[in-house]
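This report walks through a single protein chain, from overall layout to individual residues. Keep the sequence and the structure in view while reading.

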Amino acid sequence: MGGETRIFNPVGLPLPDSVPDSDAKVQELRDLVQWADGMVWVSPERHGAMTGIMKAQIDWIPLSLGAVRPTQGKTLAVMEVSGGSQSFNAVNQMRLLGRWMRMLTIPNQSSVPKAFLEFDEAGRMKPSSYYDRVVDVIEELMKFTLLTRGVRDYLVDRYSERKESAEELSKRVNQRSI
């Protein structure tokens, strides 16, 4: 469908706030977030929730860089894999976080149960209804990304932000006396 993909490998990503955000792995993640028009967040479900490393990646994404929100108006697809029965806990948590970060989270999502049975020795997903669902999710992400690409600023424009200047906002939220 004409999309360019890049994958972030979280190996070596430190815990949030444990190092300065100038850390090379943190900067790699942040650069990819700024580059992307849309994102796919995929997490295993472990102990009924998304994994800690997935949450750490999300926590390293700033809500703003100066006056720019790096996720605002970008599209998001969420998927999960499970070792056991099908569940939607991780996708529901990621959906909530995407919405919190003002991303346009697509309606479709995927959850692959017993993921250990769904991949071949080379790590490629085997043909199945779960595979079809993953393709459906990515196609929908591409469609929403293409539909919203030129109107992103309009879609996320808010009265409250137009009303208050960046300087006024800075004075209000950066209260040194607290």
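## Overall layout

The protein has seven helices and five strands. This is a predicted model. Along the sequence, the pattern reads α-β-β-α-β-α-β-β-α-α-α-α. The C-alpha atoms fill a box of roughly 55 × 40 × 25 Å along the principal axes.

The chain has 178 residues, and buried residues make up 37% of them. The exposed surface comes to about 11,300 Å². Carbon and sulfur atoms supply 55% of that area. Among contacts with a separation of 6 or more, 70% are between residues 24 or more positions apart.

## Strand S3 and its partners

S3 pairs with S1, S4 and S5. Seven bridges join S1 to S3, and the two strands run parallel. One bridge partnership links serine 43 to glutamate 80 in S3.

S4 covers residues 104–105 and is parallel to S3, with two bridges between them. Here leucine 76 stands opposite threonine 105. S5, residues 110–112, also runs parallel to S3, and three bridges join this pair. Methionine 79 has serine 110 of S5 as its bridge partner.

How many of the seven residues of S3 are buried? Six are, so the strand is largely enclosed by the rest of the structure.

## Two nonpolar cores

In soluble globular proteins, nonpolar side chains tend to be buried together. In this model, the largest nonpolar core has 22 residues. Met39, Trp41, Met50, Ile58 and Met94 have the most contacts inside it. Five elements each give two or more residues to this core: helix H1 (24–35), strand S1 (38–46), helix H2 (52–60), strand S3 (75–81) and helix H3 (89–100). A second core is separate and has nine residues, including Ala77, Met79, Val137 and Leu141.

Methionine 50 shows the contacts of one core residue in detail. Beyond its neighbours within four places in sequence, methionine 50 touches Ser43, Pro44, Lys55, Ile58, Ala90, Gln93, Met94 and Leu97. Two of the other core residues with the most contacts, Ile58 and Met94, are thus among its partners.

## Helix H2 under cover

Which residues of H2 are buried? They are Met54, Ala56, Gln57, Ile58 and Trp60. The cover over these buried residues includes H1, S1, strand S2 (49–50) and H3.

## A buried serine in a loop

Serine 82 sits in the loop between S3 and H3. Is this residue buried or exposed? Its relative accessible area is 6%, so serine 82 counts as buried. The cut-off for buried is under 20%.

Setting aside neighbours within four places in sequence, serine 82 is in contact with Glu45, Ser87, Ser111, Val112, Pro113, Lys114 and Ala115. Among these partners, Ser111 and Val112 fall within S5, residues 110–112.

## A nonpolar patch on the surface

Some nonpolar side chains lie at the surface. Val40, Val42 and Ile138 form a nonpolar patch there. Together they have about 200 Å² of accessible area.

Isoleucine 138 belongs to helix H4, residues 129–148. Its relative accessibility is 32%, so isoleucine 138 counts as partly exposed. Val40 and Val42 fall within the span of strand S1 (38–46). In a regular strand the side chains alternate between the two faces of the sheet.

Notes
Residues numbered from 1 in each chain as written. Predicted model: local features only at pLDDT ≥ 70, side-chain atom pairs only at ≥ 80, totals over all residues. Heavy atoms only, no water. Patch = residues over 30% accessible without salt bridge, like charges linked within 9 Å, V, L, I, M, F, W, Y side chains within 5 Å. Areas by Shrake-Rupley, 256 points an atom, 1.4 Å probe, with all protein chains shown as cover. Salt bridge = Lys/Arg side-chain N within 4 Å of Asp/Glu carboxyl O. Helix = DSSP H or I, 4+ residues; strand = E, 2+ residues; numbered from the N terminus. Buried < 20%, exposed > 50% of the residue type's maximum accessible area, 1.4 Å probe, protein only. Core = buried A, V, L, I, M, F, W, Y, C linked by side-chain atoms within 4.5 Å. Contact = heavy atoms within 4.5 Å. Pairing = 2+ DSSP bridges.
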